[in-house]
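Notebook open, structure loaded. I wanted to see how some charged side chains pair up, then look at a strand and a pocket.

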Amino acid sequence: MKSIESFDNPKYKLAISLIQSKYRKKNQMFLAEGLRNVELAVDNPKTINLIFIQEDRINEPRYSNIIKNMVDKSFVVPSKLMETMSDTVTSQGIVAICNFESFMIDDIDFNNDVLILDKIQDPGNLGTILRTADAAGISTVICTKGTTDIYSPKVIRSAMGSLMHLKILFIDDYESLNILKKNGYKIISSSLENALDYNVLSTIQSKIAIVLGNEANGIDNKLLNLSDLKVKIPLYGAAESLNVGIAGGILMYKLKERTLF
């Protein structure tokens, strides 16, 4: 197994560059940190470009299993290099360079519900929403222009590996969402104004594309105008609104009631 010792090594330099969004976009690559994230990436070998494992972890069973399966792409590094690649206070000693997976609107599985994210800005919220979508059985997520970088370290950490399970698409204009309507979907937006109680979701038998909006400004009016319906979650206390990640979880699990009961 090969090792990397120098800060001048090109592979190490590539990894460090991917901490910045502009280089992630330029190289179409991102860093997946942590043992579980890397294990999930290994399940899809085309995703993995390189793996860096801290020298004092290589004999631990789960790490050695990764090395066994990806020996040609695995490199041992000293702790001083690993520390600079890690975005966490306590590193697990493993980081992978992964390739972006590109999906187009035609790659949607038009048999299942879809989640649309309109300009979600907070990385923690976005990661939580992606993890919840995965848990709720939603496999396709559409992000509108202005949604924060899904490949940022905080999003990947918050998503807890779910990024590896989802088809995530990016669109530049709302009109492209009309393909959902042509395939029998109802676009339903989360909104506090002129909206029905969210319990209506469990009564709708058609396929649904649920929309969550920007934390500060909500859903863009152009997207609201495309929507077939607006729903709201009741607020029983003094709070003016729910965190978008919490609201998304409630709505996505409400959708599941159609198949569970």
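I started with R157, which is partly exposed at a relative accessible area of 35% (buried means under 20%, exposed over 50%, partly exposed in between, with a 1.4 Å probe and protein chains only). Its partner D87 counts as partly exposed too, at 39% relative accessibility. Their side chains meet in a salt bridge, 2.6 Å from N to O (a side-chain nitrogen of Lys or Arg within 4 Å of a carboxyl oxygen of Asp or Glu). This pair links distant parts of the chain, 70 residues apart: D87 sits in the loop between helix 5 (79-85) and strand 5, and R157 in helix 7 (residues 153-159). Helices (H or I, at least four residues) and strands (E, at least two) are DSSP runs, numbered from the N terminus.

Note to self: this is a predicted model, so local features need pLDDT of at least 70 and side-chain atom pairs count only at pLDDT 80 or more, while totals for chains, interfaces and linings use all residues. Residues are numbered from 1 along each chain as its sequence is written, and side-chain values use heavy atoms, with hydrogens and water left out.

How many salt bridges does a search of the whole structure find? I got 10. One of them joins K119 and D220 at 3.6 Å, N to O. K119 is in the loop between strand 6 (114-118) and helix 6 (123-135), and D220 is in the loop between strand 11 and helix 9, 101 residues apart.

Next I looked up K254 and E257, whose salt bridge is 3.2 Å, N to O. They are three residues apart in helix 10, so about one helical turn separates them. K254 is buried at 9% relative accessibility, whereas E257 is partly exposed at 27%.

Then strand 2. Is it enclosed or open? Five of its five residues (29-33) are buried, so the rest of the structure largely encloses it. M29, L31 and E33 point one way, F30 and A32 the other. Strand 2 runs antiparallel to strand 5 (residues 94-99), joined by five bridges, and M29 has N99 as its bridge partner there.

Last, a patch. L192, L235, L242, I246 and I250 make a nonpolar surface patch of about 400 Å² (residues with over 30% relative accessible area and no salt bridge; like charges are joined within 9 Å, nonpolar side chains, namely Val, Leu, Ile, Met, Phe, Trp and Tyr, within 5 Å). Of these, L242 is partly exposed at 36%, in the loop between strand 12 (229-232) and helix 10 (244-260).

Conventions: Accessible areas come from the Shrake-Rupley method with a 1.4 Å probe; for residues, only the protein chains shown count as cover. Two strands pair if DSSP finds at least two bridges between them.
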